[in-house]
Amino acid sequence: MLGGQTALLETRPVVDAWASAVCKKEGEGPLGDLFDMIHTDDTMGEDNWEKAETRLFMDAVKRCIEKAGVTSGDVRMLLGGDLLNQLVASNFAGRELGIPFIGLFGACSTMAESLAVGAMILESGSADRLLCAASSHFCTAERQFRFPLEMGTQRPPSAQWTVTGAGAVMVSNRRTVLRPRPVITHVTIGKPIDLGVTDATNMGAAMAPAAADTLCRHLMDTSRTPTDYDVIATGDLGAVGSALFEELMREKGMPLLAHRHVDCGLMIFSPEQDVHSGGSGCGCSASVLCADLLPKVQKGKIGRLLFMATGALMSPVSANEGESIPSIAHAVVIERPEEV
Amino acid sequence: MRGSQNKQKDERYLKLVDKLTPNSDLAKGLIRAFWVGGVICVIGQLVNDAAKVWLALSKDDAGMVTAVVMVFFGSLLTGIGVYDRIGKYAGAGSIVPITGFANSIVASAMEFRREGLVLGVGAKLFLIAGPVLVYGIGTSILVGIIAFFVGV
């Protein structure tokens, strides 16, 4: 334990393998060449959107197992989640995969949440190899949170586009000299923060205070400054949320260096793709982590990464009942392999 | 419950949110809504006139035919995936006319078809259009009662 909310992982769990699966629009974005799997059809050949998202989740998990060179029987636990009621996509993927499963809901922060929980399970010695995954699908999220797809509605400039994608990361405590891999050194579990934002089309504004709170808490707990990180990657704050997050950090006296803060929601799409403020959804941070960030850590291009996915903990019911939107952010520190 | 100190901070943050959130381009939105909504209404008027002239219908009957035709085209364009693009461009210009009403019902039908004909389409058909019907019919009843007693 470090400070109030951070766990120092003395066993330094190893990030063994990672894989991402996305759909066409994401494949046409700036990171297009980096994804492991790009579906051209948003139904993935299934007959409804929920099944399609389940397929996406399974694709990422299966590819990750394949890349690690193990079998699903070697995986002790699968931790994952998505945005849907009763975690439909990941629970049903769990049914197919036959791996002991823990379902997690952290809205769009699920990838960081599953990595954080997974790393702490490894630290405790309760498992030696597990998978952390998250997925989202534009069409399932639209129905869950917004309008039917064919409704002719306009989005305001602050709205974000749910990424159709999934990412899976295998973490273990098995080090080999032959295959140096990134390690997880710290985990900071965030608090739900609510500064009274009620606009469901401005999730970035709702999530920015949570990101700022978790980052401040993390830096205090570890006695570090933002400059100790080569990259601080937020999950899906988008353009509006990123600007607010940077402003909040400045106010707190811990300004971020512009080029060291990246946002997965801004990385996955280009502005020409008509996504307004940027990408969002669990699949956004999950697929960007697996396609871009982890490979860079592995190659040593990023020495120390703070991966901090943010989630807006809103439900359409609570919004109708007049509640504001609480948000959460969890942070995971990933460092490059010592041997590189 | 939030403390007063926290509440104060809230308002400061919400002001910051307002400052950093880009607004929709109102002028552009109004112009688009005006011309698309206008075109839809002109088409409606043409249908109405055609019904009166060619079908020799009364004013009331022609109005009914116009509604039927416009709802048909609104539904057709929704079904072939065009109306959502019009709506994205025109905003209220394509939501307010009766074609927008058709769009909201057909879009719901398409979305919830997978949940079955009874609990899917049946239960959720008026998910978006429901409030319009409830308050539209409610208001008309109210106005009817007033008209009855005032004797207009």
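Trainee: How many residues does each chain put into the contact between chain A and chain B?

Mentor: In this predicted model, chain A brings 32 residues to the contact and chain B brings 33 residues. The area buried between the two chains is about 2,700 Å², and carbon and sulfur atoms give 60% of that area.

Trainee: Which three residues of chain A supply more of its buried area than any other three?

Mentor: Those are A:Arg143, A:Glu150 and A:Leu195, which together supply 24% of the area that chain A buries against chain B.

Trainee: And polar contacts across the two chains, how many residue pairs?

Mentor: The count is 11 residue pairs in polar contact between chain A and chain B, with both residues of a pair at pLDDT 80 or more. As for the elements involved, α5 (138–145), α6 (203–222) and α7 (238–251) of chain A each supply at least two residues of the side that touches chain B, and α7(A) gives the most, with six residues.

Trainee: What's the make-up of that side of chain A, in terms of nonpolar, polar and charged?

Mentor: The residues on the side of chain A that touches chain B divide into 17 nonpolar, eight polar and seven charged.

Trainee: How many salt bridges does the rule find across the interface?

Mentor: It finds three between chain A and chain B, and one salt bridge between the chains pairs the side chains of B:Lys88 and A:Asp274, at 2.3 Å from N to O. B:Lys88 lies in helix α4 (residues 83–90) of chain B, while A:Asp274 lies in the loop between α8 (264–267) and β12 of chain A, so the pair joins two chains.

Trainee: Are B:Lys88 and A:Asp274 buried, exposed or partly exposed?

Mentor: B:Lys88 is partly exposed, at a relative accessible area of 37%, and A:Asp274 is likewise partly exposed, at 34%.

Trainee: OK, salt bridges more widely: how many over all chains?

Mentor: The structure holds 20 of them over all chains. Within chain A, A:Arg129 forms a salt bridge with A:Asp16, the closest N and O atoms being 3.0 Å apart. A:Arg129 lies in strand β6 (residues 129–136) and A:Asp16 in strand β2 (residues 14–22), so this pair ties together parts of chain A that are 113 residues apart in sequence. A:Arg129 is buried, with a relative accessible area of 8%, and A:Asp16 is buried as well, with 6%.

Trainee: What about A:Arg174, which residue does it pair with?

Mentor: A:Arg174 forms a salt bridge with A:Asp128, where the closest N and O atoms are 2.4 Å apart. A:Arg174 sits in the loop between β8 (165–172) and β9 (183–188) of chain A, and A:Asp128 in the loop between α4 (110–124) and β6, so the pair ties together parts that are 46 residues apart in sequence. A:Arg174 is partly exposed, with a relative accessible area of 43%, and A:Asp128 is partly exposed too, with 23%.

Trainee: Which residues are linked in a network of salt bridges?

Mentor: A:Arg12, A:Arg304 and A:Glu335 are linked in such a network.

Trainee: Changing topic: where does A:His218 lie, and what does its side chain meet in a polar contact?

Mentor: A:His218 lies in helix α6 of chain A, and a polar contact of 2.5 Å joins its side chain to that of A:Tyr229. A:His218 counts as buried, at 0% relative accessibility. Leaving aside neighbours within four places in sequence, A:His218 is in contact with A:Thr6, A:His186, A:Thr188, A:Tyr229, A:Leu306 and A:Val333.

Trainee: And A:Met58, buried or exposed?

Mentor: A:Met58 counts as buried, at 5% relative accessibility, and lies in helix α2 (residues 49–68) of chain A. Not counting residues up to four places away in sequence, A:Met58 touches A:Ala93, A:Glu96 and A:Leu97.

Trainee: Last one, chain B: how many helices and strands?

Mentor: Chain B has eight helices and zero strands. Its radius of gyration is 21 Å, whereas a compact globule of 152 residues would have one near 15 Å. The C-alpha atoms of chain B fill a box of roughly 70 × 45 × 40 Å along the principal axes, and 28% of the 152 residues count as buried.

Key. Residues are numbered from 1 along each chain as its sequence is written. Chains are lettered from A and ligands numbered from 1 in the order in which they are written. Side-chain values use heavy atoms; hydrogens and water are left out. Contact means heavy atoms within 4.5 Å. Buried area is the accessible area (1.4 Å probe) that two parts lose on being put together, summed over both. A salt bridge is a side-chain nitrogen of Lys or Arg within 4 Å of a carboxyl oxygen of Asp or Glu. A polar contact is a pair of N or O atoms within 3.5 Å; within protein, one must be able to donate a hydrogen and the other to accept it, and residues adjacent in sequence count only if both atoms are side-chain atoms. Helices (H or I, at least four residues) and strands (E, at least two) are DSSP runs, numbered from the N terminus. Ala, Val, Leu, Ile, Met, Phe, Trp, Tyr, Cys and Pro count as nonpolar, Asp, Glu, Lys and Arg as charged, and the others, Gly among them, as polar. The radius of gyration is taken over C-alpha atoms; the globule rule is 2.2 Å times the number of residues to the power 0.38. Buried means under 20% relative accessible area, exposed over 50%, partly exposed in between (1.4 Å probe, protein chains only).
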